[in-house]
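Reader: I would like a close look at a single part of this model. Please start from one helix and work outwards through its surroundings.

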Amino acid sequence: MKPSPWPDWMDHLLAKSKQYGGETLAGHTWDVLCRLADLYRLRPHLADGARLWHCLYWSAFLHDFGKAARGFQRRLHGGPKWAHRHEVLSLAFVDAIAHDLNEAEQRWVVAAIVSHHRDATEIAELYPSGLRRDPLIDLCNELDAETVAHLLRWLAECANRWRDPLGLTADVGAIDPQPCSVGAQRVRYWLRMYHDWVDTLDGEGSDARRPGILLRGLITSADHMASAHLRRLPPPIRLSWQDVAMRCNLSPDQVYPHQRQSAGQSAQSALLMAPTGSGKTEAALSWALGDGRNPPARIFYALPYQASMNAMYDRLRHTFGDDVVGLQHGRATQALYARFREGDEWSATAARRAQWEKNLNLLHARPLKVLSPYQLLKALFQLRGFEAMLTDYAHAAFIFDEIHAYEPERLALITGLMRYLREHFAARFFVMSATFPELIRDHLRIALGDTPLIRATPDVFDRFHRHRLHLRDGELTDPATITEIVEAVRNGKQVLVCANTVARAQMVRDLLTHAGLTDEHLILIHSRFTYGDRSRLEQAIGARCRSNSANRSPLALVATQVVEVSLDIDLDVLYSDPAPLEALLQRFGRVNRKAAKGICPVYVFRQPDDGQGVYGRDRDPERSGRIVRVTLAELEQHDGAIIDEAAINEWLDRIYADPVLNQQWRDAYQRMAQQVDLIIQGIRPFQSDEQREDEFERMFDGVDVVPQCFERDYVHLLVEERFIEANDYLVSISKQRFAILRNQGKLRPAEETGQRRVWVAQTPYDVRNGLSFGDDMVDMDWI
């Protein structure tokens with residue numbers, strides 16, 4: 001709804017072309033101010049006493065004045081490309097309000113205006129100083145006197161009055177705009193002020209850089225939200241922990257003490273150690289929301305694997321609603337598309353909806369977001385748009401589930417980000433796991449400060465006596481074991497079979513098939529399925545194996561590490577390759593999850609004990625896989641016993657007391673921690689870092705290929721520009737495997753894919769086993 005007064009005399013000036021809605025300049029500016037007001041209500045205490053919102057309001061009002069230029073308007077009406085930057089021309093109008101701003105506030109206003117599209121280096125390259133003819137002269141000549149008069153009248157008659165309907169008068173002061181002339185000299189003056197400040201920030205610390213980050217982050221967020229026609233920024237979740245318990249169907253006597261304790265620690269960061277299946281998710285949400293009176297601006301729920309993220313997204317949107325929860329990871333669009341198709345939506349409609357959900361996540365619009373830590377780390381690496389990311393993390397609550405799942409190098413990156421956000425953006429963190437070895441706990445406390453450790457009470461641990469450990473000689477693939485698994489399924493059991501690599505999981509599935517199990521009683525899941533097939537498998541597993549599933553038919557579920565974290569599945573017995581204790585405990589937690597079946601057996605094999613190229617990689621064969629051998633030595637002390645989960649931390653501390661393991665872990669963590677310190681020292685606003693983009697990408701080992709059998713379908717969808725549906729045919733493989741296949745001549749470029757560089761894998765694929773390579777080498781694809 002338009003505010004009053006409205007600048008009708010300017011309705012001929014556009015901000016967007018007809019292709020993008022044909023919005024008028026005044027209309028778009030009003031939308032930007034509305035979204036800025038939403039951001040103000042979301043984080044009212046962000047300014048810490050400074051006139052941040054005052055400067056942002058006046059910046060946002062002026063930020064697109066330069067779009068009134070003749071060349072820009074011609075471009076919006078289908079004319080030739082315009083060679084200038086409208087945001088630089090907008091600086092010509094700062095003189096109209098500068099008299100009411102001190103020097104620091106002038107810098108802030110100028111920086112917010114001129115940085116809302118391009119980095120400082122790009123602006124400097126386009127408008128260098130010291131040339132015989134200043135390029136700003138031609139830029140300023142793009143505004144005629146009549147247009148300038150229209151803009152100044154708009155500023156004088158509307159700017160102050162629009163504050164009130166936006167609810168901003170408390171923190172945005174009135175300014176009496178003064179007449180000003182548009183000239184290159186004054187634009188150069190303000191541009192020089194901006195670049196001088198950017199240069200000065202190089203020598204400043206993080207506290208001095210924070211205002212610049214907030215300025216750019218907030219104005220770009222408001223501008224992008226308005227351009228995407230987001231009509232309202234959803235408010236934070238205003239529920240109490242009791243409300244969460246009710247929505248999760250927990251009566252007061254079903255709430256565990258550690259869940260109540262978590263709610264009581266909502267004002268600060270905290271650690272939680274509790275058994276798998278004992279309501280850690282509910283505890284985390286209780287911590288985030290507390291009594292509901294001081295809701296966090298945003299809640300971020302971080303998980304390590306895509307399968308667990310997808311499952312948590314389903315779980316949380318069932319609790320809070322589709323409009324509250326977002327999903328963000330490398331294949332989130334595919335996961336969302338699959339879910340919308342299940343709702344009987346047409347493929348084109350589901351694709352549009354999935355794309356819109358992706359855009360909402362990029363716009364930072366969802367109050368609760370499920371994501372991977374690597375999405376958060378983009379801000380640390382200063383990828384484009386990092387200021388908006390960091391602004392979105394301000395005053396937010398972060399939940400990190402199963403922190404044990406990260407290698408020491410990745411953990412150092414995560415804890416470095418935690419420390420930076422806690423110290424400079426008032427973020428708080430809830431880190432939870434079934435296990436917290438002292439080694440990890442110490443580093444978390446360095447990152448989070450004096451942080452309480454909430455532990456499940458002894459009676460809760462006693463209630464979760466649910467597994468009896470059996471160590472087995474030989475391997476998971478031995479004929480006697482395969483026969484035993486088949487018999488268990490035929491006797492009505494749901495059996496979880498965990499292998500450490502994809503190739504090994506495929507082998508186990510084939511052996512079970514040859515031993516008599518049919519597709520009806522056998523599911524295999526790992527990372528080498530197409531994204532479409534994997535999504536369908538995840539949904540099928542949830543339907544058949546969830547704790548409250550009504551379809552608990554006999555089944556052998558063969559899986560890699562994808563089942564380890566936060567999947568709410570509950571099987572009857574486990575057979576597992578040897579692995580580190582943290583991984584084994586997560587596998588145990590998918591069996592008898594609610595401790596409602598008495599004591600269930602979990603079988604761990606003694607061989608192979610070399611880590612299988614997955615755990616404890618090292619060039620020295622004596623050190624390679626040592627974590628597995630030390631774990632097995634500890635498990636020998638408990639063979640045949642019921643697992644006491646209250647004592648697990650003592651097991652872990654003994655394992656990591658091994659001098660070789662301890663030194664390996666500390667060395668790896670410290671190497672990365674030193675790099676993280678340098679990265680944080682280099683974070684500065686108005687400058688994204690393309691070099692670090694390559695550094696960030698190196699953290700990921702996956703390369704997408706399309707199996708040969710799907711090439712025709714894939715190319716057909718690309719030609720029709722149905723990209724989301726096309727991506728359902730892609731499979732992720734490791735970079736090392738990609739190189740090997742290429743050397744073997746088993747990869748070739750897909751034909752007729754336009755500008756997309758896509759490789760076809762000339763190896764077998766089927767919906768039961770996924771992509772197969774048919775060799776005996778160590779398998780690099782272990783998820």
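Author: The buried residues of helix 25 are Leu581, Glu582, Ala583, Leu584, Leu585, Gln586, Arg587 and Phe588. The model is a predicted one. Helix 25 spans residues 581–588, and eight of its eight residues are buried, so the rest of the structure largely encloses this helix. Buried here means under 20% relative accessible area. The cover over these residues includes four strands: strand 8 (467–472), strand 9 (494–498), strand 12 (573–576) and strand 13 (600–605). Helix 26 and helix 27 are also part of that cover.

Those two helices also pack on each other. Helix 26 covers residues 626–636 and helix 27 covers residues 648–656. Their axes lie 10 Å apart, at an angle of about 135°. The two helices are therefore oblique to each other. The crossing of helix 26 over helix 27 is right-handed. Helix 26 brings Ile627, Val630, Thr631, Glu634 and Leu635 to the contact. Helix 27 brings Trp651, Arg654, Ile655 and Tyr656. By class, six residues of this contact are nonpolar, one is polar and two are charged.

Further along the chain comes a four-stranded sheet. This sheet is open, its order is 15-14-17-16, and its pairing is mixed. Strand 15 (731–734) and strand 16 (747–749) are at the edges, each with a single partner strand, so each has one side without a neighbour in the sheet. Ignoring direction, neighbouring strands are turned by 50° against each other on average. Strand 16 pairs with strand 17 (residues 759–761) in the antiparallel sense, over three bridges. Arg748 stands opposite Val760 of strand 17. Helix 32 (residues 735–743) packs on this sheet. Helix 32 touches strand 14 (702–707), strand 15, strand 16 and strand 17, and its direction makes about 90° with that of strand 15.

Now back towards the N terminus, to another sheet. Seven strands form this open sheet, in the order 3-4-2-5-6-1-7, with parallel pairing. Strand 3 (325–328) and strand 7 (453–455) are its edge strands, and each pairs on one side only. From one strand to the next, the twist averages 20°. Strand 2 (residues 299–302) and strand 4 (residues 368–371) pair in the parallel sense over four bridges. Within that pairing, Ile299 has Leu368 of strand 4 as its bridge partner.

Helices lie across this sheet. Helix 12 (residues 257–264) crosses strand 1 (270–273), strand 6 (428–433) and strand 7, and runs at about 155° to strand 7. Helix 16 (residues 347–362) lies across strand 3 and strand 4, at about 90° to strand 3.

One residue links back to the paired strands. Leu289 belongs to helix 13 (residues 280–289). Leu289 is buried, with a relative accessible area of 3%. Setting aside neighbours within four places in sequence, Leu289 is in contact with Ile237, Leu239, Val244, Pro296, Ile299 and Phe320. Ile299, one of these contacts, is the residue bridged to Leu368. Leu289 and Ser266 are 23 residues apart in sequence, and their C-alpha atoms are 6.9 Å apart in space.

Key:
Residues numbered from 1 in each chain as written. Predicted model: local features only at pLDDT ≥ 70, side-chain atom pairs only at ≥ 80, totals over all residues. Heavy atoms only, no water. Axes fitted to C-alpha atoms, helices over the stretch in contact; angles between N-to-C directions. Parallel < 35°, antiparallel > 145°, perpendicular 65-115°, else oblique. Left-handed = near helix turned anticlockwise from the far one by under 90°. Contact = heavy atoms within 4.5 Å. Nonpolar A, V, L, I, M, F, W, Y, C, P; charged D, E, K, R; others polar. Pairing = 2+ DSSP bridges. Buried < 20%, exposed > 50% of the residue type's maximum accessible area, 1.4 Å probe, protein only.
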